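Please find below some comments on the salt bridges of the structure under review. They are set out as numbered points.

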Amino acid sequence: MGYTIAEKIIKSHLVSGEMTPGADIGLKIDQTLTQDATGTMAYLEFEAMGIPRVKTERSVAYIDHNTLQTGFENADDHRFIQSVAKKHGIYFSRPGNGICHQIHLERFSKPGKTLIGSDSHTPTCGGIGMLAIGAGGMDVAVAMGGGEYHINMPKMTRINLTGKLRPYVSAKDVILEVLRIMSVKGGVGKIIEYGGEGVKSLTVPERATITNMGAELGATTSIFPADEVAREFLKAQGREEDFTELYADDDAHYDEIINIDLSLLKPAAAMPHSPDNVKSVSEIGPIKVDQVLIGSCTNSSLTDMLKVAEILKGKTVHPDVSLGIAPGSKQVFNMLADCGALSVLIASGARILECACGPCIGMGQSPNSGGISLRTFNRNFEGRSGTQDAGIYLVSPETAAASAISGVLTDPTTLGGELKISVPEKFTVNDNMIDAPVPESEADKVEILRGPNIKPFPQSKPLDDVTEGRAVLKTGDNITTDHIMPAGAKILPYRSNIPYLSKFCFGSVDPDFSERCKECGGGFIIGGVNYGQGSSREHAALVPLYLGIKAVIVKSFARIHKANLINAGILPLTFANEADYDSISLNDELVLSNVKSGIKDGSIKLHNKTTGKDIDVVVDLTDRQKDMMLAGGLLNYTKKNS
C-alpha cells in the first residue's frame, strides 16, 4: 500500500513512534515561525532551556500582530524579539514587512519540509506541499532547540476536486464549502489532503487560502501536492531550487474521501458567529453592509488584490460602507504600486491599511455598534472584531469588493463577464526587511533588550495526588481561545505580562472569573464540546495556570489547546459519560483522587462534594504526555530529560 503526501513527509521526518492512527509520533522539524503576539513568550521559554543557538534549518520571527503602538509595550516586545533573534540564530521580519504566513509562503516555504509555528494558521504553507502545523509557543521553543515535535498520528482525509471554478467563484468559496460539509470540529485528528484534476486549476495562493482555513476545521493540517504549479510559483519567487515534486501514491489509503465539483460552487459566506455557518450569498440575500475589510493571512496575496482592483476599477465605494484593504506583504504592496493597481484601490475610496494582521485580530477597524462587516478573514467569533454585537461575515475578495460598491451583500457573479488579471511571471524580490542573525561567534556580544512589561511566564509544578477546588467556571460548547484569552488592541500589548493579562481571562463569558479564581485559589473549569477551538495562543493555558486552574474537565477538546494545557501542566480531562456534565454546577466543590496513578491508568475519580456524586473522567494522554503531566508540564519535562 502506498503513502499519502502527508505520510511521505511524516515518514521522512519520523524520529520516534509508529505511523499508526492515534499513536504518539515525534517529528524532526525543519523550520519554525513565531509572531509577536506569541513570540515573546516563546522566546522566554527558549531562553529558559539554556540552548544558545537554534538547531533548525530556518527559524523566523515575524512582527505582524501587535503593530498598533499606543504605548511602549508593543515596541518593547518587538525590540526584545529582535535582540533574541539576532543572538540565537533566528531571522527577523521587521514590522511592516507583512503577515508571517504570506511572507513565509513567498520566501521560505519548501515542499516536503516540516514547519511548526506559534500561530494556528501555519498550515498556509501546506498550499505548496509543506507539512505545516500550528502549535503552542512552548512546542516551537522545544523544536528550535532541536527537540522532536509530538502529535498523535492523524487519520487521512482526501478531498477530491474536479471541474474548474466559474468566474467570480474563488478558493475562499472552496474552503467555506469544506467547512459546511465537515464543520468546525470535523477535522479533529485528521490531515486534509487535496487531490484530483481540479487541483491543477488552482494557483499556489488559492491553495494557501484553502489550507489556511483548514485550521477552522480543527484539522492537524492541510496539504496540496507539489506539482508544476508549485514549481512555477517558486520560480517566480526566484527560488526554483527549493522545489521538490511531491504527490500521493496511486494506491494510498485514505480514511475518508470527500468529492467536490468546483464548477458547481457558488459565492458563499460564513454567517455570524462561526466559520461553518455557511450559506450561499444569494441565499442570504442583499443585507445592508456597514464595513468591508479585505486582507488577512487568508486573502491578501497579489492575486487576491488584483482581482479586487479589477472589480473596483472606475467605481466608488458606497457612501454607507467603510472599505479597508491590507496587502499581505511588502512584496504584494510594492507590486500593486508598480502595476498601478494601488492607484485603482485608492481612487475607489478604499482605506489602505498596514501590511499586518490588523482587524482580523481586533487590532483596529472595529465596526460600528450592531454593524454588519464583511471580511475576507478566517474567523468570525463573537466579539473578535472588537465590537461585541457586530455581525461578521466571512467572504471571498470578489464578494467583498462587489458588496463594497453596492452597499449590500452582493453575489459577484451578477457582475457578469470574467475577471481578467495578469499575474507577472517574476515577482519583485526585496528581502531588505528580513534581518539575518549575527554569526554564532559574535552572539555573546548581543544584549537582550527587555522592557518593564515583559514578565516571567508562570511556573507549573507537579500535580498532587489529591486535588481539590471549586468549579470556578462552567461553559457551553465551542468555547474558543478568543473566549478564554481575548485578543484586540486593548489586550494584546500585555501578552508578555501574564499577571496583568489575567484580568481579561474569560471576560466575555464571565466577567467575575478572574476575581473568583483569586478568591478561591484557583479550581476547575467545566466545559462542553470542542473546548479551546481557534487560535494556537498558549496564553489561553498560561493565564489559567497563573490563576490556579488545576484541571479542565470537558466533553471534548480542540487539538492545539489540549496540547497547550498539557505543556502548561494543567490536567485535561473528559467526561466518561457526557451526561455527567449536567451534574456539576458553578461553585460546586470538587475533588480529584488517585491523580498520579490515574494519569498512568487513564482514569481518575472525580467526586462532587456539593452533591455527593462520583463521576468518572478520562485522561487521554500518550505515554510522553503522562510523563509531562507528572513532571508538571513540558518545560519541567524538558529540563528533566535534557
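1. The exposed residue Lys200 has a relative accessible area of 56%. Its salt-bridge partner is Glu197, with an N to O distance of 3.3 Å. Glu197 is likewise exposed, at a relative accessible area of 57%. It should be kept in mind that the model is a predicted one.

2. Over the whole structure, the search returns 30 salt bridges. One of them joins Lys110 to Asp242, whose closest N and O atoms lie 3.8 Å apart. This pair ties together parts that are 132 residues apart in sequence, because Lys110 belongs to the loop between helix H4 (100–107) and strand E6 (114–117), while Asp242 belongs to the loop between helix H8 (228–236) and strand E12 (256–261).

3. The two partners of that bridge fall into separate exposure classes: Lys110 is partly exposed, with a relative accessible area of 27%, whereas Asp242 is buried, with a value of 15%. The cut-off for the buried class is under 20% relative accessible area, so Asp242, at 15%, falls within it.

4. Lys110 and Asp242 also take part in a network of salt bridges, in which Arg239 is linked with them.

5. Within helix H8, Arg231 and Glu228 are three residues apart, so about one helical turn separates them. Their side chains form a salt bridge in which the closest N and O atoms are 3.0 Å apart. Both residues are partly exposed: the relative accessible area is 25% for Arg231 and 42% for Glu228.

Terms used. Residues numbered from 1 in each chain as written. Predicted model: local features only at pLDDT ≥ 70, side-chain atom pairs only at ≥ 80, totals over all residues. Heavy atoms only, no water. Salt bridge = Lys/Arg side-chain N within 4 Å of Asp/Glu carboxyl O. Helix = DSSP H or I, 4+ residues; strand = E, 2+ residues; numbered from the N terminus. Buried < 20%, exposed > 50% of the residue type's maximum accessible area, 1.4 Å probe, protein only.
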